[in-house]
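Please open the model in your viewer and keep the selection tool at hand, since each stop below begins with something to select.

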Protein chains: 2
Amino acid sequence: VIIDMHAHIVPERFPAANGRPSAARWPVMDHFEPGRANVMIDGKNFRTVRDVNWNVEKRLAEMDAHGATAEAISPMPELLSYWFTPGDGRDFARYVNEYVKGMVDQAPARLFGLGMVPLQDPDLACRELENVKSLGLLGVMIGSNILGKSLGVPELADFFVTADRLGLAVFVHALHPTMAGRFVTPAMTGSIGFPTDTGISLASLIAGGTAAKAPTLRIAFSHGGGTFPAILPRFGGTWNEAPAPEGWDPHAIARRFYYDTLVYDARAIRYLVDMIGPKQLMIGSDYPYQAPEQPADTSVRSLGLPADVTDDITWHNCFRFLGIPEPAV
Amino acid sequence: VIIDMHAHIVPERFPAANGRPSAARWPVMDHFEPGRANVMIDGKNFRTVRDVNWNVEKRLAEMDAHGATAEAISPMPELLSYWFTPGDGRDFARYVNEYVKGMVDQAPARLFGLGMVPLQDPDLACRELENVKSLGLLGVMIGSNILGKSLGVPELADFFVTADRLGLAVFVHALHPTMAGRFVTPAMTGSIGFPTDTGISLASLIAGGTAAKAPTLRIAFSHGGGTFPAILPRFGGTWNEAPAPEGWDPHAIARRFYYDTLVYDARAIRYLVDMIGPKQLMIGSDYPYQAPEQPADTSVRSLGLPADVTDDITWHNCFRFLGIPEPAV
């Protein structure tokens, strides 16, 4: 059994922007042929997507073909729309959240829903978390930076504290890396920028004290936490986890966090197992976008871990992250 | 035997800046007590350093105590001074280079010298490489970015091509990370910024095509290449090194580069061995600054690699990187 915790959706259509202040970047679905649509943003095709993004029947059939028993579904990251006005962001998030819930309701034993909130306005985002919970979603996906700010900045701390209090899971997904001036090709944005941006924000949550303020928060990071696990030892400041002055121990917090296995190499997954531990890892594939590994547990299984450890990664850990009982399978 | 390839020096004193345009940031040594000095830059103490930075006799004694048979010495990174005018940068680099050479000449079987060039002016830097070679240094240390630019930008390509042609080694050291706006504490600059900056620049050398233009360049990266080896699989674009479209294979180039072992954890070194291969790894300690692991091969030896593989990492690889025969020991 596999639950894929890193899987995205796009609604079949969006409400019209009409005269909204954020109309320019408000997405429009262009269904240019049966089964495929362009997500038009700011007059450009952001991505051509297939109907498995919104059609649950087709999605379940493809999940069967890929060996995915279940998925935690979240919006396509570009839909996070932190560049909207707060009001538009709230309305858009509510629409997307209800769409996610609608998909979950069609397959409640196989799809588990993560929504979104307008973090461009942290106070509003905290209030919207209540609606996310009322709606029955299990948590939210957020970007690795909010309009350029690391997640660990003080003004975002209440968001994480509120999610912790409400028992909502938080999935941090790479978004619009801020170090674009350092990339020499467009491809570096996704290949280098995504994991770099995630890694920096993860570190900021620990360094800035936010993680300590939300001690029971269930939070996961895309792409295996990006660059963070690699530099965790240096972040700790001593060799081989020797005690650091004044109790500084980022390893302890890092091992409270969750990470997907979307690191593209069995050796990199092995490093996560060794450094973070197998209780915090979950299968993530980025389905239905990047050419995902199929079945999504192929590299994990290639490690030859004990069966119960593999089962933790492919199944059990994700339900702990989501904060729900495991469904019967 | 150990050769430490990541070890720095500071001259006992610098020539006076007099009326130079770069006088404000020109360093001044304040020998405030016997055996210790503050490196004053821009009116502030950049770092308090001990006399092992310039006194070869004391340095050799401490190397003996630490089990370091030999070192490749390079300037303290802040001395790279890319913020000087080109002319001041050239004069300062020449002074430092001659100082490094003077230290090497006092212990030519144990100290191997890397200098610096004023990369704020790439054409001038190329010309100065000739002087570095004439002086008898084995290569240069450079920053992980040059005034905010990634090393893989086109205007720096000639520098790497020239170093390749002259047979000079290049050691890339983290310097002034550009993503400072993402750090929520000052400590993040060194702990997160250094390896992040190095990782991005390393990737830029491959993505931008510079590495292909300098196919026999011997180039090494501090802190185990920073974040790069962790995200190399994603950079490659396929799972487990499956062939990528159009021959894109950053793994092949990454395995031509050299990396120090300054990653603060045996598991992280193990990952480098598995991902990059043991022929490209070299002991690096950052002596005499950060509290280094002593002996500097402790974590490498803890891996239990075959003796010949361990010897590659602790000794042989570094002389291949430096491009010189191994000294008798």
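**Where the two chains meet**

Begin with chain A and chain B together, between which four salt bridges are counted, a salt bridge being a side-chain nitrogen of Lys or Arg within 4 Å of a carboxyl oxygen of Asp or Glu. This is a predicted model, in which local features need pLDDT of at least 70 and side-chain atom pairs count only at pLDDT 80 or more, while totals for chains, interfaces and linings use all residues. Residues are numbered from 1 along each chain as its sequence is written, and side-chain values use heavy atoms, leaving out hydrogens and water.

Select Arg267(A) and Glu241(B) next, whose side chains form a salt bridge at 2.6 Å, N to O. Then colour helix 5 (187-207) of chain A, which gives the most to the side of chain A that touches chain B, with 13 residues; helices here are DSSP runs of H or I with at least four residues, numbered from the N terminus.

Widen the selection to the contacts (heavy atoms within 4.5 Å), and you will find 54 residues of chain A in contact with 54 residues of chain B.

**An enclosed space**

Now show Pro229(A), Ala230(A), Tyr271(A), Ala230(B) and Tyr271(B), which of the 29 residues lining the largest cavity are the closest to its centre. A cavity is a set of points on a 1 Å grid over the protein atoms alone where a 1.4 Å probe fits but cannot get out, and its lining residues have an atom within 4 Å of a point. Finish by selecting helix 7 (228-236) and helix 9 (266-275) of chain B, which, like helix 7 and helix 9 of chain A, each supply at least two residues of this lining.

How values were computed
Chains lettered and ligands numbered in written order. 1 Å grid on protein atoms, 1.4 Å probe; cavity = no way out; pocket = protein on both sides within 12 Å on 5 of 7 lines; lining within 4 Å.
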